Amino acid sequence: MKTRIHVTLKNGVLDPQGKAIHHALESLGFEGVNDVRQGKLIELDLDDSVSDADIEAMCRKLLANMVIENFEIEREAA
Amino acid sequence: MKSAVIVFPGSNCDRDMAVALEQATGAKPHMVWHRETELPDGIGLIALPGGFSYGDYLRSGAIGANSPIMREVKAAADRGVAVLGVCNGFQLLTEAGLLPGALLRNAGIDFICRDVALKVASSQTAFTSGYQSDETITIPVAHHDGNYFADNDTLDRIEGEGHVAFRYDESVNGSARNIAGIVNAAGNVLGMMPHPERMIEPAHGGSDGKRLFDGLVQALG
C-alpha cells in the first residue's frame, strides 16, 4: 500500500531554499507569488499490516525532525 | 586517556580529528566504524567528526544518528563520558537527541568555508577550559547546514544555564543568537560547527583549536 509522508518546515523556521525558489520565480517574470516554502514528499510502499501508529512512529523517529518540521500522513485506502 | 573517533560513510574530518586527539592525549585514538555495536573498553573521550555522513541524505546527520554505534555513544554520554561533535558531529548530536535544537541550511544558502572569529561564551566547561571567557579565538568553519535553530524557550534556557560554549563574533550563517557551539546540561557533550582540529599548528594559520583539545584532556584528567 502506498503511503505519502509530507514533511514541511514549521512556521517561523527560516527556509532559504524556498526564498531562492521565490526569487527565481520572480526573475522568470511570474507575478503574485507571495511566499515559497520547500518541503519533502516521501513515498512508502507498506504492507497492509503496518499500523497508523507505526507510520507515525517512523515519522517522529526518522522521517521528520520534530524540532523544525511537521509531517502529514496520506494513506491510500486499502 | 583512551579516545575514539566514530567513522561514518561520508566522514571526511575523521583523520584530522585523529591527529588532533593523538597530539593532545599522546595515544592514537581508536577509529570505530559506525556499524560496530560496542566501543572499546575504557574510552574517556568520543569524537564525532565532520563530513557528510550518508551524504546528508534526508537531513544532515539524520541517518548516521541511527547507526548502531550511536546507541553506545548515547549510553556512554549518559554515563558521563565526554563526547565532542564537530560540524557533522554537531548535526549528529542534535539528530540523536543528545543536544537540543537543529542545524538548518545557512541563511545565505551558500556553503561557507573560511576562518571565523569566535567568542568563548563560557570557559566553565571541560571543553572550553583551555580558554578565557569572552576571549576571541579564530577557528575555521566549513558547512552548508550550520544555522543553529531552537525555539525561544530552549534558547533562553541554554543561555540562562550557561550551555552556550561558543558564539560567532559576527553573523556567519544565520544561527540563532550567533550560537556556534553548545554543551548539554551535564556538560559532558559539546557540539560545535567550527573545526578546532583544523587549527592545531602554525601551518594551519594558528593553534587556537589545539587549546580546546589540550584543555579538554587536562580537564578530564
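These are my notes on the interface and the largest pocket of a predicted two-chain model.

**Ground rules.** The model is predicted, so to speak on paper: local features need pLDDT of at least 70, side-chain atom pairs count only at pLDDT 80 or more, and totals for chains, interfaces and linings use all residues. Residues are numbered from 1 along each chain as its sequence is written, chains are lettered from A in the order in which they are written, and side-chain values use heavy atoms, with hydrogens and water left out.

**Interface.** I looked up the contact (heavy atoms within 4.5 Å) and found 16 residues from chain A and 14 residues from chain B. The buried area, meaning accessible area (1.4 Å probe) lost by the two parts on being put together and summed over both, is about 1200 Å², with 68% from carbon and sulfur atoms.

I then checked for salt bridges (a Lys or Arg side-chain nitrogen within 4 Å of an Asp or Glu carboxyl oxygen). The rule finds one across the interface: Arg59(B) pairs with Glu69(A), the closest N and O atoms being 3.6 Å apart.

**Pocket.** Next came the largest pocket (on a 1 Å grid over the protein atoms alone, an open set of points where a 1.4 Å probe fits, with protein on both sides within 12 Å along at least five of seven lines). I noted a volume, the space filled by probe spheres set on the points, of about 460 Å³. Its lining (residues with an atom within 4 Å of a point) has 25 residues, and Glu69(A) and Arg59(B) are among those nearest the centre.
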